[in-house]
Amino acid sequence: MNNKASITALMSSFGRAFHAENEEHPVFADHLAKNLMTEEEYTAVQGYILGGAQFFEPEINPAKQEPKGLLRRLVNVHIAPSPLCRAAYTEKALKTAVLTGTKQYVILGAGMDTFAFRETEFLSKNRVFEVDHPLTQANKLERITRAGWTVPDNLTFVPVDFTKDSLTERLIAAGFDSSVKSFFSWLGVTYYLSTEAIDTMLSALSSICADGSSLVFDYPNENFFDAAEKRVQNTIMMAKAGGEPMQSAFSYAELEKLLEKHGFLIYELLKPDDIQRDIIDKTGADMKAFEHVNYCLAVRKT
């Protein structure tokens, strides 16, 4: 498997691709996700998931299961819920924000996100900035070239090494306009950062956000690390085994205090029951929202 892309990124991309191809009622249909993976990677991740069937669900005997049906169950239960549901929520919130004057979309930790290639109409009217580590971004660009895609004029790649680069300086240098209402997505990231690192990021975003700008992110609640649910503990163990241990979780009060420190107010917060009702059940998908994971839409207010 190509070690330039993290196992987390590849699992997420595989989940999006497999779900789009195999579900009659997808929560989120990303039909481009598979194009950014090699056949070798796709097959390897599929084998990795099937090989770990008893890790995910010890009561299952893989030898007695039809592989495609087992893979679909493992993806829908353990791999795809978070990447799919948060993407669906974010892109809906983004399109709502555009109606009220948002002109720029910044994808923090973009990874193998395909938004800029799926949403051509959006790109024709608005700017998109993909922010990621230089090596991760270089790998993404190689994948885009291999897929034969053309990079849209309004898409800008912003390489940022957060251990030594200034996000604000890099964004401004790339053409980001801090006077324009913007939308930031920060998905699948906060889990892996210390509270101090999250505080630093919020400070940076606050300094370049025009009034009324939005930030969407997902995060684990205060019960996440001690959760009894098997799939939560599996996720924590997989992240640690993959060299990307999870670090942070927040209560509502802690999150509210941290956001307010940087001028952000919680506009909407979805808990698992809300995600189930508003995102999954509305599509009729065969899926359950991930326990102890919330989505937050915050707005910058001066």
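Helices, such as the H5 discussed below, are DSSP runs of at least four residues in state H or I, numbered from the N terminus. The model shown in every view is predicted.

**View 1. An aromatic pair between helices H1 and H2.** The structure holds 17 aromatic pairs. In one of them, the rings of Phe-14 and Tyr-42 lie 4.6 Å apart, centre to centre, with 45 degrees between their planes, and the pair is tilted. Because Phe-14 belongs to helix H1 (residues 7-22) and Tyr-42 to helix H2 (residues 39-51), the pair ties together parts that are 28 residues apart in sequence. Both Phe-14 and Tyr-42 are buried. Tyr-42 has a further partner in Lys-34, whose charged end sits over the ring of Tyr-42, at 4.3 Å from its centre.

**View 2. The pair formed by Phe-217 and Tyr-219, with a separate aromatic cluster.** The ring centres of Phe-217 and Tyr-219 are 6.0 Å apart and their planes stand at 45 degrees, so this pair is tilted; the angle is neither under 30 degrees, as stacking would require, nor over 60, as an edge-to-face arrangement would require. Phe-217 has a relative accessible area of 4% and is therefore buried, and Tyr-219 is buried as well, with a relative accessible area of 1%. In addition, Tyr-105, Phe-115, Phe-122 and Phe-183 form one aromatic cluster.

**View 3. The second largest pocket and its lining.** About 550 Å³ of space lies in this second largest pocket. Its lining comprises 21 residues, and those that lie nearest the centre of the pocket are Tyr-89, Lys-92, Ala-93, Thr-96 and Glu-268. Two or more lining residues come from each of helix H5 (81-98), strand S6 (264-270), helix H13 (272-283) and strand S7 (293-300), and H5, with 6 residues, gives the most to the lining. Sorted by class, the lining of the second largest pocket has 11 nonpolar residues, together with 5 polar and 5 charged ones.

**View 4. Ser-214 and its contacts in strand S5 and beyond.** Ser-214 is found in strand S5, which covers residues 214-220. Its relative accessibility is 8%, which is under 20%, and Ser-214 therefore counts as buried. When residues up to four places away in sequence are not counted, Ser-214 touches Ser-182, Phe-183 and Phe-184, and also Leu-297, Ala-298 and Val-299. Phe-183, one of these contacts, is also a member of the aromatic cluster named in View 2.

**View 5. Lys-181 in the loop between helix H9 and strand S4.** The loop that holds Lys-181 runs between helix H9 (167-173) and strand S4 (182-186). With a relative accessible area of 25%, Lys-181 is partly exposed, because this value falls between the limits of 20% for buried and 50% for exposed residues. Leaving out residues up to four places away in sequence, Lys-181 touches Thr-100, Gly-101, Thr-102, Lys-103 and Gln-104, as well as Ala-210, Asp-211, Gly-212 and Ser-213. Ile-60, by contrast, is 121 residues from Lys-181 in sequence and 50 Å from it in space, C-alpha to C-alpha.

**View 6. Thr-235 in helix H11.** Helix H11 spans residues 230-241 and includes Thr-235. At 18% relative accessibility, Thr-235 counts as buried, because the value lies under the 20% limit. Apart from residues up to four places away in sequence, Thr-235 touches Met-246 and Phe-290.

Methods
Residues are numbered from 1 along each chain as its sequence is written. This is a predicted model: local features need pLDDT of at least 70, side-chain atom pairs count only at pLDDT 80 or more; totals for chains, interfaces and linings use all residues. Side-chain values use heavy atoms; hydrogens and water are left out. Rings of Phe, Tyr and Trp (its six-membered ring) pair if their centres lie within 6.5 Å; planes under 30 degrees apart count as stacked, over 60 as edge-to-face and the rest as tilted. Buried means under 20% relative accessible area, exposed over 50%, partly exposed in between (1.4 Å probe, protein chains only). A charge sits over a ring if NZ of Lys or CZ of Arg is within 6 Å of the ring centre and within 35 degrees of the ring normal. On a 1 Å grid over the protein atoms alone, a cavity is a set of points where a 1.4 Å probe fits but cannot get out, and a pocket is an open set with protein on both sides within 12 Å along at least five of seven lines; lining residues have an atom within 4 Å of a point. Grid points are joined across faces, edges and corners, and a volume is the space filled by probe spheres set on the points. Ala, Val, Leu, Ile, Met, Phe, Trp, Tyr, Cys and Pro count as nonpolar, Asp, Glu, Lys and Arg as charged, and the others, Gly among them, as polar. Contact means heavy atoms within 4.5 Å.
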